[in-house]
Amino acid sequence: MINDKQQELLESLQALAKQSGLDITDELGKITEKFENSEKAVAEVWERVEVARNSGRPRTLDYVNLIFDDFTELHGDRFFGDDPAMIGGIGFINGMAVTVIGNQKGRNLKETIDRNGGMSNPEGYRKALRLAKQAEKFHRPVVTFIDTQGAYPGLAAEERGIGEAIAVNLREFSRLKTPVICIIIGEGGSGGALGIGVGDKIYMLENAIYSVISPEGFASILLRDSSRARDAAAMMKITSQEVLDLKVINGVIPEPEGGAHCDPAAAAAAIRKRIAADLEDLCRRNPEVLVKYRNKKIRESGAFYDDDGGIESSMNPAD
């Protein structure tokens with residue numbers, strides 16, 4: 001179904017053609033079809049956004065309890081304090097000790113306030129790095145669960161160095177000499193997601209989204225109209241299949257019909273299967289080789305246009 005602005009444009013074209021004595025019935029039909037297909041695509045993308053943000057969707061701790069055995073949560077960054085929006089600890093999968101790190105949203109108003117909506121302060125990212133470095137020291141693989149609209153943008157976070165904390169994590173996770181698997185389970189937003197999103201393997205759940213900014217933020221800044229968040233979401237290519245097509249992630253993990261919240265156990269089983277298979281492979285590899293290929297993958301992500309208008313598939317300055 002076309003929107004009011006599109007309908008108004010069609011009527012204007014029809015009136016102009018009538019005044020000029022032209023028959024543009026076929027052309028109007030093609031334009032209408034394009035409008036309808038566009039609206040359908042926008043609706044499909046926004047449906048994924050709503051599923052990714054569904055309050056009933058399993059959170060990191062839900063998956064941790066379903067996937068790992070004997071999970072022990074660890075707290076604090078040993079510098080400022082503990083951040084409940086970022087959880088971390090040690091669990092076991094098939095008898096193997098694994099360090100688990102993830103964003104933790106709330107499920108109701110009280111939990112959302114307590115967890116700051118899953119938006120971490122600097123101490124959250126420093127806690128994540130402390131645990132990742134501990135994992136490297138004791139030769140434990142790292143699994144991260146990403147579910148945040150972004151890092152917390154408050155004044156106190158800026159004063160304590162949120163930008164620096166995320167930047168350090170990007171550098172150190174890229175150098176970590178132990179396997180790292182990252183899974184986007186809901187929203188993967190901006191630097192808040194990237195702070196624990198550098199790994200050897202990166203996956204998205206089928207209905208998750210991954211973007212540099214929220215659709216609402218994109219609409220406000222670039223479209224100059226916050227009400228156009230649905231259009232922005234479609235433009236940004238944030239769904240799992242679109243991100244996979246861009247080769248930013250390694251794969252998409254299927255969800256139960258209706259979304260992960262309809263059958264959390266089945267969703268967790270699919271994630272567990274993927275983690276177990278990758279750990280079996282990655283843990284056999286030389287840590288130095290892991291770092292080499294992790295950095296190669298990062299440098300080859302994305303594309304840019306050269307001076308002649310051609311598209312380069314790699315961002316590696318050595319190419």
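Trainee: Among contacts in the protein chain between residues at least 6 apart in sequence, what share joins residues at least 24 apart?

Mentor: The share is 69%, where a contact means heavy atoms within 4.5 Å. The model is predicted: local features need pLDDT of at least 70 and side-chain atom pairs count only at pLDDT 80 or more, while totals for chains, interfaces and linings use all residues. Residues are numbered from 1 along each chain as its sequence is written, and side-chain values use heavy atoms, with hydrogens and water left out.

Trainee: How many helices and strands does the protein chain have, and what makes a run of residues count as one?

Mentor: The chain has 13 helices and ten strands. Both are DSSP runs numbered from the N terminus, a helix (H or I) needing at least four residues and a strand (E) at least two.

Trainee: Why is N121 called buried?

Mentor: Its relative accessible area is 12%. Buried means under 20%, exposed over 50%, and partly exposed in between, with a 1.4 Å probe and protein chains only; N121 therefore meets the first condition. Of the 319 residues in the chain, 45% are buried.

Trainee: Where does N121 sit, and which residue's side chain does its own side chain meet in a polar contact?

Mentor: N121 belongs to the loop between α4 (109-114) and α5 (122-137), and its side chain makes a polar contact with that of R160 at 3.4 Å. The term covers a pair of N or O atoms within 3.5 Å; within protein, one must be able to donate a hydrogen and the other to accept it, and residues adjacent in sequence count only if both atoms are side-chain atoms. Not counting residues up to four places away in sequence, N121 also touches others, including D83 and Y152.

Trainee: Is R107, in the loop between β3 (96-103) and α4, buried or partly exposed?

Mentor: At 33% relative accessible area, R107 is partly exposed. Polar atoms of its side chain lie 3.3 Å from the backbone oxygen of G56 and 3.1 Å from that of R57. R107 and R57 are 50 residues apart in sequence, yet 8.5 Å apart from C-alpha to C-alpha.

Trainee: How do you know how the span of helix α13 (residues 287-299) stands against the expected value?

Mentor: The expected span is 1.5 Å times one less than the number of residues. For the 13 residues of α13 this comes to 18 Å, and the helix reaches 19 Å from first C-alpha to last, which is close. At its N-terminal end, N286 acts as a cap, with a side-chain oxygen 2.8 Å from the backbone nitrogen of E288.

Trainee: Which residues of α13 are buried, and what do they pack against?

Mentor: L290, V291 and R294 are buried. Down the axis of α13, they fall within an arc of 95 degrees, so they line one face of the helix; the arc is that of the directions from the helix axis to the C-beta atoms. These residues pack against α7 (162-175), β5 (180-189) and α12 (264-282).

Trainee: What makes the buried residues of α3 (residues 60-67) a single face?

Mentor: T60, L61, Y63, V64 and I67 are buried. Their arc is 160 degrees, so they line one face of α3.

Trainee: How many disulfides are found in the whole structure?

Mentor: Zero. A disulfide is taken as a pair of cysteine sulfur atoms within 2.5 Å. Among the cysteines, C262 is partly exposed at 47%, and C283 is partly exposed at 35%.
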